[in-house]
Amino acid sequence: RLGVGILLFDASGRAFVGERADARGAWQMPQGGIDEGEDPQTAALRELGEETGIAPHHVDIIARSAGEHLYDLPPELLGRIWKGQYRGQRQIWFLMNFLGRDEDVNIATAHQEFRDWRWAHVDELVDLIVPFKRELYSNVLKEFAPHF
C-alpha cells in the first residue's frame, strides 16, 4: 500500500508521536495512505490534519524522502488490517516543523487514530515504535538527520 509518513518537530526539536487508539503502548508518527489521484504532499497534509487536527498553516515542510521507505506487517496482522488487501506499506516521508502551539493539536478527530500524544526526543523514537516498524523509523531518521 502506498502511503506517507510525517516526522514533525516542535520548536524544541522534539518529534510528535501518538499512541494508537487501537493498541495501548503502540506509538507512531502520523502516517496514512495516499488516495487515488492525490499527490504525496497533499496526502501528508491531509493525514496530518485527520490524525492530529494540525492545519497546513501550522507546519513548514522542510524535506521529502528521496525514495520510499518500506515495512511489512508481522504474520499475526496479515489479513487482519486493511481488509487483508496489503502486506505492508511503501511510504514517502516528509520532515516538517510545527509552527503552532500545543493547543493547535487536537487528536479527537472524526476518525480518531490516537488515544494520546506527546513530543519525544529523537533518541527515544525508535524504541517507542512497534518492533516491525523500527527499521523503517531508523532509516527515516538517518535520512533526515542532516536537517536536525
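This report walks through the confidence, the aromatic pairs and one glutamine of a predicted model.

## How far to trust the model

Let's start with confidence. Because this is a predicted model, pLDDT is a good place to begin. The chain has a mean pLDDT of 90, and 89% of its residues reach 70 or more. Confidence is highest in strand β5 (residues 59–64), at 98, and lowest in strand β6 (residues 69–72), where the mean is 82. As a general reminder, predicted coordinates should not be read in detail where pLDDT is low.

## Aromatic pairs

Searching the whole structure turns up 7 aromatic pairs. One of them is Phe9 with Phe148, an edge-to-face pair with 5.0 Å from centre to centre and 75° between the planes. This pair links distant parts of the chain: Phe9 belongs to strand β1 (residues 2–9), Phe148 to the segment after α3 (134–144), and the two positions lie 139 residues apart in numbering. Are these two rings buried or exposed? Phe9 has a relative accessible area of 7%, so this residue is buried. Phe148, at 46%, is partly exposed, because that value falls between the 20% and 50% cut-offs.

Now turn to Phe16 and Trp119. Their ring centres are 5.9 Å apart and their planes meet at 80°, so this pair is edge-to-face too, the angle being over 60 degrees. Here again distant parts of the chain are linked, with Phe16 in strand β2 (residues 15–20) and Trp119 in strand β8 (residues 114–120), 103 residues apart. Phe16 has 0% relative accessibility and therefore counts as buried. Trp119 also counts as buried, because its relative accessibility is 8%.

## A cluster and a charge over a ring

Which residues join Phe16 and Trp119 in one aromatic cluster? The other members are Phe98, Phe114 and Trp117.

For a contact of another kind, look at Trp27: Arg118 lies over the face of this ring, 5.6 Å from the ring centre.

## A buried glutamine

Gln28 is part of strand β3 (residues 27–28). With a relative accessibility of 2%, Gln28 counts as buried, because the cut-off is under 20%. What does the side chain of Gln28 meet in a polar contact? The partner is the side chain of Arg20, at 3.3 Å.

Leaving aside residues up to four places away in sequence, Gln28 touches Val17, Gly18, Arg20, Phe114, Ile129, Lys133 and Tyr137. Among these, Phe114 is also a member of the aromatic cluster described above, and Arg20 is the polar partner of Gln28.

Conventions. Residues numbered from 1 in each chain as written. Heavy atoms only, no water. Helix = DSSP H or I, 4+ residues; strand = E, 2+ residues; numbered from the N terminus. Buried < 20%, exposed > 50% of the residue type's maximum accessible area, 1.4 Å probe, protein only. Polar contact = N/O pair within 3.5 Å; in protein donor to acceptor, adjacent residues only side chain to side chain. Contact = heavy atoms within 4.5 Å. Phe/Tyr/Trp six-rings, centres within 6.5 Å; stacked < 30°, edge-to-face > 60°. Lys NZ or Arg CZ within 6 Å of the ring centre and 35° of its normal. pLDDT = per-residue confidence, 0-100.
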